[in-house]
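Let's sit down with a structure and learn how to read its cavities, its buried charges and its salt bridges. Have the viewer open as we go.

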Amino acid sequence: MTHTDGTTPESPTTTAAAVFQMITGHYLSTAISTAARINLADTMDAPAISHHVLAERTGTHPDSLIRLLQLFATTGLVTDDGDGRFTLTPAGRLLRTDDEESLHAVALMHASSGHMQRWFALGDQLTEAPKTGRAEPSSNPFAQMPPHVAAVFNRAMSFFARHTAGAVIEGYDFGRFRTVVDVGGGEGTLLAAVLKATPGLHGTLLELPSAVEAGRQALAEAGVADRSEVIGGDFFDSVPPGRDAYLLKNIVHDWDDEPSRTLLRNIRDAMKEDSRLLLVETVRPDRFGPTVADRLAAYSNLGMLLNGGSERSEQEYAELLAGAGLTLRAVVPVCPVWTGAPTGSVIEAVRS
């Protein structure tokens, strides 16, 4: 692997060293989350900045901060210019809040102490499954989410939605529809992209009431406010009826089969005879190998265990949809730019 600054890190020379790096992977993720919390990358606005200057800007201790920076120098996030001076690399810029492709919110969410605690409960989840037939979620991450946590979560999801949107639009033709509703669409990133790419299409964003204002603002900033509306509500209660297409991105994988069927039945009841249901999800492979797509699918599938959800195979999606009165019609692979691999799919279904 070559870093974005052109350097190539040394590969572990032994199998033990490679496995040790896997075991201690949380060291690096925790360090990156810490850097995001103190907005370290935002302070690195010039080459070869002294760690003393950076410590003053971030309110940290110089001798502690330099250890963090030295770790980042081994990963390609910064370069160590000598004498305690460091320069941010193109990869490190992704941790700035003002970078167009910022992963700042993703770092805050995925490597936060709360998120890590949920992963530390993985052992309990695995040992509980044999007793109950399934692993119970340690907590519902969406229930009563504090506003500041919800804001970080929505910003992080917007990163994935923004990059997935281009792949979805390229892989699936929305031009056949006049109306589409994005069910549980967060801040409306995906819906805005679909509307911008499809003149004449009218969109509805359905989200919890707490996210309505952010959704309206995002759609307005995208220049599609005149062709969109935002509705506050719970998709487990109902969804807007009579639309041509119902779009759900990474929603169904959050839930076990029973609540998923409840949601899908709600959508089925709202659909017209010729409506389409479009699920943007990871379709779990039948067999895993050492590829980027398979590794990301495995990460997500294990992570969903902590929510009580699951990544599903094509056959499992067909069975889940059938249980809600829907028929799987097609599975269209999509390749988000940030992964460079076909890590998602548009699953198309119709009323049975």
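What follows is a short dialogue between a learner and a teacher.

Q: What kind of model is this, and how are residues numbered?
A: This is a predicted model, where local features need pLDDT of at least 70, side-chain atom pairs count only at pLDDT 80 or more, and totals for chains, interfaces and linings use all residues. Residues are numbered from 1 along each chain as its sequence is written, and side-chain values use heavy atoms, with hydrogens and water left out.

Q: How many cavities of 30 Å³ or more does the structure hold?
A: Rolling a probe the size of a water molecule over the atoms shows where empty space is left. A cavity is a set of points, on a 1 Å grid over the protein atoms alone, where a 1.4 Å probe fits but cannot get out; lining residues have an atom within 4 Å of a point. Here there is one of 30 Å³ or more, and the largest cavity has a volume (the space filled by probe spheres set on the points) of about 80 Å³.

Q: Which residues line the largest cavity?
A: Among them are Leu40, Met44, Phe72, Val78 and Gly92. Helices H3 (40–43) and H5 (62–73) each supply at least two lining residues; helices are DSSP runs of H or I with at least four residues, and strands are runs of E with at least two. The lining has ten nonpolar, one polar and no charged residues, with Gly counted as polar.

Q: Which side chain of opposite charge is nearest to Asp294?
A: Two terms help: buried means under 20% relative accessible area, exposed over 50%, partly exposed in between (1.4 Å probe, protein chains only), and a salt bridge is a side-chain nitrogen of Lys or Arg within 4 Å of a carboxyl oxygen of Asp or Glu. Asp294, in helix H14 (residues 292–305), is buried without a salt bridge, and the nearest opposite charge is Arg287, 8.3 Å away.

Q: How many salt bridges are there by this rule?
A: The count is twelve. In one of them, Arg243 meets Glu229 at 2.9 Å, N to O. Arg243 lies in the loop between strands E6 (228–232) and E7 (245–249) and Glu229 in E6, so the pair ties together parts 14 residues apart in sequence. Arg243 is buried at 14%, whereas Glu229 is partly exposed at 31%.

Q: Which parts of the chain does the pair of Arg312 and Asp257 link?
A: The closest N and O atoms of this salt bridge are 2.9 Å apart. Arg312 sits in the loop between H14 and helix H15 (314–322), and Asp257 in helix H13, 55 residues apart.

How values were computed. 1 Å grid on protein atoms, 1.4 Å probe; cavity = no way out; pocket = protein on both sides within 12 Å on 5 of 7 lines; lining within 4 Å. Lys, Arg positive; Asp, Glu negative; His and termini not counted.
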